[in-house]
Amino acid sequence: MAVSKEHCRYCFDVLSACLSGESTRDVVPRFPDDEYPLFVSWHKDVDGETHLRGCIGNFSGLRLHEGLRKYALISSQNDTRFNPIHKGELPQLTCEVSLLTNFEDAKDYLDWTIGKHGIWIEFTNNYGARRTATFLPQIAKEQGWSKMETLDHLLHKGGHVGKITDPVLESIKLTRYQSDKVSLTYDEYLDLINKEQRQDSKSLDA
């Protein structure tokens with residue numbers, strides 16, 4: 001099953017219900033309840049520039065109905081890097097849904113391809129603690145990072161402090177994966193709703 005704009009539309013429905021004080025469990029999904037690891041991301045357009053407003057997901061397989069409902073809310077309201085999204089921001093938002101596939105153990109920390117693979121790492125930090133972190137497949141390419149720059153950012157995202165030494169790099173256990181993703185702006189979301197309403201109206205007239 002390919003990811004579709006209906007997945008993003010559902011995330012917008014859920015977030016809109018939440019911000020309006022309505023029950024998100026009353027929102028009806030319009031797609032099969034297949035099982036995937038998934039991520040939901042929110043981006044905000046400010047004066048022509050796009051800024052991340054939240055991105056959280058899960059590497060365990062989740063049923064899409066509950067998984068997208070859950071992470072549409074967690075990524076918009078509980079990403080600790082950002083303030084919770086509020087209702088006034090809705091018109092500036094874009095939702096992105098990524099369904100994750102093709103998980104493989106890499107041979108080493110450089111055994112992956114920029115623009116093709118997302119990477120999930122486990123590593124040992126300076127204090128001997130095991131930590132984890134991930135970047136989705138599009139991140140390195142969008143940022144223009146090399147593999148080593150990507151790993152540098154990812155290690156610090158995972159909580160590594162200080163210089164990245166060869167022992168730290170050699171401690172990395174890297175899993176690579178791919179994703180099927182789609183995005184939907186708020187304007188496109190409204191267009192889908194309007195189109196659906198017009199179709200319902202035609203059906204009633206018939």
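In the predicted model, C95 touches C8, C11, F12, V40, S41, W42, V182, S183 and L184, when residues up to four places away in sequence are not counted. A second core, separate from the largest one, comprises 15 residues and includes W145, L154, L155 and I172.

The largest nonpolar core contains 30 residues, and the members that touch the most others are C11, F12, V40, W42, L68, C95 and V97. At least two residues of this core are supplied by each of α1 (5-19), β1, α2 (64-77), β3 (93-105), β6 (173-185) and α6 (186-205), and the greatest contribution is that of α1, which gives seven residues.

The helix α1 was considered in further detail. With 15 residues and a rise of 1.5 Å for each, a span of 21 Å should result for α1, and the C-alpha atoms at its ends are 21 Å apart, so the expected and modelled values agree. Because eleven of its 15 residues are buried, α1 is largely enclosed by the rest of the structure. The buried residues form the run H7, C8, R9, Y10, C11, F12, D13, V14, L15, S16 and A17; buried here denotes a relative accessible area under 20%. Just after this helix, G21 adopts a positive phi of about 80 degrees.

Open and enclosed spaces were then examined. The largest pocket has a volume of about 690 Å³ and is lined by 25 residues, among which C55, R81, T134, F135 and K157 lie nearest its centre. Two or more residues of this lining come from each of β1 (35-46), β2 (49-63), β5 (130-135) and α3 (138-143). In terms of residue class, the lining of the largest pocket is made up of ten nonpolar, nine polar and six charged residues.

As for enclosed space, one cavity of 30 Å³ or more was counted, and the volume of the largest cavity is about 40 Å³. Its lining consists of W112, H117, G118, I119, F135, L136, P137, I139, A140 and T150, with β4 (118-124) and α3 as the elements that give two or more residues. Seven of the lining residues of the largest cavity are nonpolar and three are polar, while no charged residue takes part. F135 is thus named both among the residues nearest the centre of the largest pocket and in the lining of the largest cavity, and α3 likewise gives two or more residues to the lining of the pocket and to that of the cavity.

Technical notes:
Residues are numbered from 1 along each chain as its sequence is written. This is a predicted model: local features need pLDDT of at least 70, side-chain atom pairs count only at pLDDT 80 or more; totals for chains, interfaces and linings use all residues. Side-chain values use heavy atoms; hydrogens and water are left out. On a 1 Å grid over the protein atoms alone, a cavity is a set of points where a 1.4 Å probe fits but cannot get out, and a pocket is an open set with protein on both sides within 12 Å along at least five of seven lines; lining residues have an atom within 4 Å of a point. Grid points are joined across faces, edges and corners, and a volume is the space filled by probe spheres set on the points. Helices (H or I, at least four residues) and strands (E, at least two) are DSSP runs, numbered from the N terminus. Ala, Val, Leu, Ile, Met, Phe, Trp, Tyr, Cys and Pro count as nonpolar, Asp, Glu, Lys and Arg as charged, and the others, Gly among them, as polar. A nonpolar core is a set of buried Ala, Val, Leu, Ile, Met, Phe, Trp, Tyr and Cys residues joined through side-chain atoms within 4.5 Å. Buried means under 20% relative accessible area, exposed over 50%, partly exposed in between (1.4 Å probe, protein chains only). Contact means heavy atoms within 4.5 Å. The expected span of a helix is 1.5 Å times one less than its number of residues.
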